[in-house]
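Welcome! Have a look at the sequence and the 3D view below, and then we can walk through some of the links together.

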Amino acid sequence: MRSRFTKFRLLMFAALVALLGASLAPPQMACARQPKVKHDLSKMRVLNNVLSKIRTRYVEPKRLVPRTMFRKALQEIQQDVPEVIVRSKGKDRVEVQVDKATKTFSLSKIDSPWALSTAMRGVFTFMDKYLHPGTKRRNVEYAAVDGMLKTLDCHSVLLRPEFFGEMQIHTRGSFGGLGITISRCGHPQALTVVKPLPGTPAHRAGLKAGDQIVRIERESTQNLTLNEAVKRLRGKPKTNVRIWVKRKGSAAPKLFVIQRDRIQMRAVDFRLLGNNVGYVKVKTFQNSTGWELRLALQSLKTRGVRAVVLDLRGNGGGLLSRAIDVADAFLYSGTIVTTVEHGVKRRESRARWSRTVIGQMPLAVLVDAGTASASEIVAGALKNLDRAVIIGERTYGKGSVQVIYPNRDRSGFKVTIAQYLTPGDRSIQGIGVIPDIELKPVTVDKDRVEYFSVGQREVREGDRSCSLQRASLALRTPPQRRIYHMADKRPLGFKCEPCGAGPGFKARPDRDKFFLDYPIKLAKKVVLGTRSASRKRVLAGARTLLRNQQRLQPSKIAVQLKKVSGVDWSAAPRGARAPRLTTSLSVGQGGKAVAGKPLKITVTVKNAAGAGTAYQVRGLVYSTYTPLQHREVFLGKIEAGKSHTATLTVKLRKGISNRADDVSVRFFVGNGRAPQASCAVLRIQAQAKPEFVYTWQLLDDVAGNRDGELQPGESVRLRVQIKNIGKGAAGETYLRLKSLSGDAVTVGRGLYSLTGLKPGATRLLNLDFKVMQQMPLPKVKLKLMVGDCTLGKSVSETLVFRIAAAAAGPAKARGVFRPKRAGVPIYQSPRQKHVLGWAPATARYAAGARANNTPSGHYRIRLGKKSAGFVRVSDVVRVRRGRARPQINWHWLPSPPRVSLAKIADVTTSGRITLSGTALHQSRVSDVYISVTRLLKSPGQSRIIGVDYNKIFYSANRSAAGGKMSFKTVVPLWEGANVITVVARRNDEIKTSHTLRVLRSTCRAGRPTRLPKVAKKIP
C-alpha cells in the first residue's frame, strides 16, 4: 500500500525526473522494431481492468456512480479527439457525434460497473467505424478511463506508459545514469547541465552547471526532446556513454567518456545548526528513507545534539511504510496512523520502543503547503502525540492512501483504497495539519508587495472539486501563534531561462542547497527554550520568544514599506475617529493596454474633510487576468481632506491575444469602515503576429549520387526556406528537424535560431541528416517544425522519404533549357511527386545531368547556388544561345487554413453569443471544431484549480476540393472570461487555431456586482 503524490504534484515530479533521466533500457534500434498492431477498442482491456479493481478496492463505494462515470468518460474523449462531440439529451440519453455520424445512447440501464462496461463497448464499436484513420485508438480508451477515474477523486488516475515507468523509478529511489540535472535553456533551446549531483560520475568527470551537451554518441542533441536525451544518458551501470560538451569560453566541444553508475537519490540530508541543535531534511519517502534517517540521527547523536529540527517542507509524500518508520524514530508509544479501508476495515500502525535518545529531545517540525500525504502522517502523528511543535504553513490536506496497479500494455493506474487518521482518529482530509506556530513570509519589493495575500495562490486538497469529502472543520485547532515576517531571499540556482519566458521570468531558488532561513532560525530558538520532549512544554518555554517575534517582525515590515514605496504603515491609536473614504480606479490608457507594454493600474483613495485619519489603507486586486489576481496595493495613512494614489505596474506578455478582463479592487482600512470596491474593464490589444510558410528540398550532394532520392548510407542536405506572411515581425523563432524513425536516421544540424523575421522576409537555412548504411526500413519519417516561442505561432509537417535502391546517379548533360510554357513543374526528384515550384516563361536553366531511369526522362537543372531540381525532358526545349537565368515560383507549404470571424462584442452581460465565420484554404478544409473553456478558481477566487472544457461544434467537409467552409453556432458563456477556440484543419498537422476571448462581465457602473468573500484570518 502506498501513499502517493497528489495529481498536480505527480506531474511536477514527472518533469523533475525527466531532468534526471528516463528509462533503464537503452533505445531500440530501428531494425528491432516490432510491427504495429492496431489497438482493438472493443476488447477494452485497460478499462475492464480498472473497473474490476475499483469495484472491489475503492475506498468510498458510494462515489462509484456508473452513469456519471459514463458521461465523464465521453466528455474526456471529446476533449482529446477532434471529430468527437457529445451532447446531452436529457437525464437518460446522450448523443455521440463522430465526424458526420451520430448515434444516441441510453443511460437507463447503466446501474453497475459491468453495465457501464457494456455501454462503453457499444460506444467504442460505434466510434471505431467513423474515427479518422490517424486517430490512435489506444488514446481513446485512455481518455475514457481518465474521465471515469476523475469522477472518483483527485488521486485516482491513469498512468500512461511513460508516467508509469517514471513513478516506478521514483519509488525505487535509484537508477543507472550519470547524476546530472538537465534542461532546455536559452534560445535556441540548448541541452544544458543545470546541476551535477555531488559524488556522481558526472561530478567526478568534471561537468559543470551551464555546460551544453551538444551530442550524445552519434546523435546531435538538437534532434532530441528532453526525455529522449535523458533516455540516452541513462543505462545499465558500468556501461560507458560518450558526450560532447560545449563550455563557455571554449572554441570547440570537448569529448567526455563517462561510465554510468547506480544513482541513489538521497532522501535525507542532515547537519548541525550550532548550539548542539541538529537539522534533518526528509525530501521524499522512498525505500531508503528509513535507514537513511536512522543513520543521520545516529550521526547527530554522536556529535552531542540536544534538540532536533525536522524539515518536511516541499515533501509531497511517498511510501506509507516509510512514513511510519520516520515517525517511529521519534516516538516511544502510541498509534502513528489508522488506516480505514473499503468496507470499514481498520488497521493501526503503532510506535515501537526506540533505543535512540532522540526520542527524549525537544523536536520541531517545519511544514508548508507542499507538505503532503506521507509527510502529513509524520507531522500529524508527532503533533497529536505531544511529541513535536509544528512550525510553518498549513499543510496540503491529503488524507488518503493509493495503491498502484499495472495494465498489460505497460500503463498503470492509481486507486484510492483507504483514508488515514492521525492519532486521536483525526482526519486531515481537505484541511491539513494546522501548525502550532503559523508563519507568513512577507515580500516587499519595488515590483511587488505580498503581505496579506501570502499563501493565497497555493492550491490545497480542500480547494479541488474532485477531492474526497472534507473532514469536519470543527475538529481543527487554530494556530497558537501567527507571525508575519520578512521573506528570506534564497540564493538562486543556475539561471535556465526557457525560450519565450518573457520579461516576467525570474530564476528559481536552488531548493536543494541548504539555506539558513527564518523558519529554521526560529525553530532552532524554540527547541532551545527547554529540554523537554513534550510539545506543550516546548511551546510554553517559547512563549516570550514568540510574543517578541510577533511584535518585532511587523515593525520590520513597516520600515521596509516606508523605504520601498514611502507608505506610512503606522497603526491607528486607540480611540481614533473613523475616516470617510471614497475611491477611484484607472486601468491602462482609458481602459486599454497593448501586449508587450507596461500596464499601469492607478488607485486613488480620498479622505473627506473633517473626518478622522485613515490608517493602514490597502487594496486587493481581483481580476480575470491571472497575473493581476491578488496583487496588493498599499496606501497607508491618509489624513482628513487628503488623498493618496498608488500605482501598480505589470509588464504584459508579447504573445497575449486580444482580450477583455474585469479588474476589481477591494479596500481594507485599519480603523473604520472600508469604502466600496471599485471595478473597471481592461481591454488588451494583441501585437501583430507572424505567420510562417516554407519550402523544402532534399539535396543529396553531400555524400550521395545527386538523383534527388534517398539511398542507404547517404548524407543529405534539407534546404529550407522560411517566409513570414503574417502582419507582425517574428520574435524568438526556431527551425527544428527531428527524426521519427529512431536510429535509422542521424540528424546532424537539426536546429536553427533566428529573430526579427519581418513581414514578407525570407530566410534560407540548411539542415542535414544521414541514413543507416544497412537500412532496415522501406521509408523514413522526419518532423519539420517552424515556430515562434515568444508569440506562440508555429507550423509543422511530417516528411516521408522512400528509401530507393542503390543506383548510379544521373548521366552528365550540358546545355541551357527554357520551359515550353509558364508553370512547368519543377520536382524534388524524378520519382517523387513533391513539387518545389513552377517555372516562369522567362526562365533559363543550365542542366548538369539527365536521369533516364523514369519513363519520361528528367533533366537535373540548377536553381541557384547549391540548389537543384528536376524537370521533365518533354517540358523544356534547348536554347542554342544565351545564359542561364534560373527562376522559380516556389511552392510555399504548408499553408494553413485562414479563419475569418464575424465581429462580436468582447464584453457582454448575456449568457450566450452567436459565433459565425468561414475557414479558407487554397485546396481543402477538412473540418472545423469549436470549444469554449474557462479557468476554474477556488471559492475565494485566489487559486486556479482546473479548467472547464465544452466542445460545442464540429463539422466535416466531404467535398474533395472544398476550400471554403462556413460555420455558425451559439456559444454558451460562463460568468467571467471565456476562451473560444476555433480550429480549422487541412489535416492533423496543417491546421489553424484561432482564439478569441469574450468576457461576461460583473462590473456595473464602476462597482463589481459580485466579489468573493474575504478570506478568514485562520485559513
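## A starting question

Which residue forms a disulfide with Cys 679? The partner is Cys 1003, and the two sulfur atoms are 2.0 Å apart. A disulfide here is a pair of cysteine sulfur atoms within 2.5 Å. The torsion about this S-S bond is about 85°, so the disulfide is right-handed.

Before going further, please keep in mind that this is a predicted model, in which local features need pLDDT of at least 70 and side-chain atom pairs count only at pLDDT 80 or more, while totals for chains, interfaces and linings use all residues. Residues are numbered from 1 along each chain as its sequence is written, and side-chain values use heavy atoms, with hydrogens and water left out.

## Where Cys 679 and Cys 1003 sit

Cys 679 lies in strand β32 (residues 678-685) and Cys 1003 in strand β58 (residues 1003-1004), so their disulfide ties together parts that are 324 residues apart in sequence. The element names come from DSSP runs, numbered from the N terminus: helices are H or I runs of at least four residues, and strands are E runs of at least two.

Are these two cysteines buried or exposed? Cys 679 is buried, at 7% relative accessibility, and Cys 1003 is buried with a relative accessible area of 16%. Buried means under 20% relative accessible area, exposed means over 50%, and partly exposed is in between (1.4 Å probe, protein chains only).

## The other disulfides

The structure holds 3 disulfides. One of them joins Cys 154 to Cys 466, with sulfur atoms 1.9 Å apart. Its torsion about the S-S bond is about 110°, so this disulfide is right-handed. Cys 154 is in the loop between α5 (137-150) and β4 (158-159), and Cys 466 is in the loop between β23 (449-450) and β24 (481-486), so the pair ties together parts 312 residues apart in sequence. Cys 154 counts as buried at 3% relative accessibility, whereas Cys 466 is partly exposed at 22%.

Another disulfide is formed by Cys 185 and Cys 496, whose sulfur atoms are 1.8 Å apart. Here the torsion about the S-S bond is about -105°, so the disulfide is left-handed. The pair links distant parts of the chain, 311 residues apart: Cys 185 is in strand β6 (residues 180-185), and Cys 496 is in the loop between β24 and α12 (518-527). Both cysteines, Cys 185 and Cys 496, are buried.

## An open sheet

Now find the open sheet of 4 strands, in the order β33-β34-β38-β36, with antiparallel pairing. Two strands pair if DSSP finds at least two bridges between them. The edge strands, β33 (692-703) and β36 (745-747), each pair on one side only. From one strand to the next, the twist averages 30°; for such angles, axes are lines fitted to C-alpha atoms (for helices, over the stretch in contact), and angles run from 0 to 180 degrees between N-to-C directions.

How many bridges join β33 to β34? There are 9, and β33 runs antiparallel to β34 (residues 715-724). Within this pairing, Leu 699 in β33 stands opposite Arg 717 in β34.

## Salt bridges

Side chains of opposite charge can pair when their charged atoms come close. A salt bridge is a side-chain nitrogen of Lys or Arg within 4 Å of a carboxyl oxygen of Asp or Glu, and the structure holds 37 salt bridges. One of them brings us back to the sheet: Arg 717 pairs with Asp 701, the closest N and O atoms being 2.8 Å apart. Arg 717 lies in strand β34 and Asp 701 in strand β33, so the pair ties together parts 16 residues apart in sequence. Arg 717 counts as buried at 12% relative accessibility, while Asp 701 is partly exposed at 23%.

Another salt bridge joins the side chains of Lys 783 and Glu 989 (2.7 Å, N to O). This pair links distant parts of the chain, 206 residues apart: Lys 783 is in strand β39 (residues 779-788), and Glu 989 is in the loop between β56 (976-985) and β57 (991-1000). Elsewhere, salt bridges that share partners join Lys 281, Asp 311, Arg 313, Arg 490 and Asp 517 into one network.
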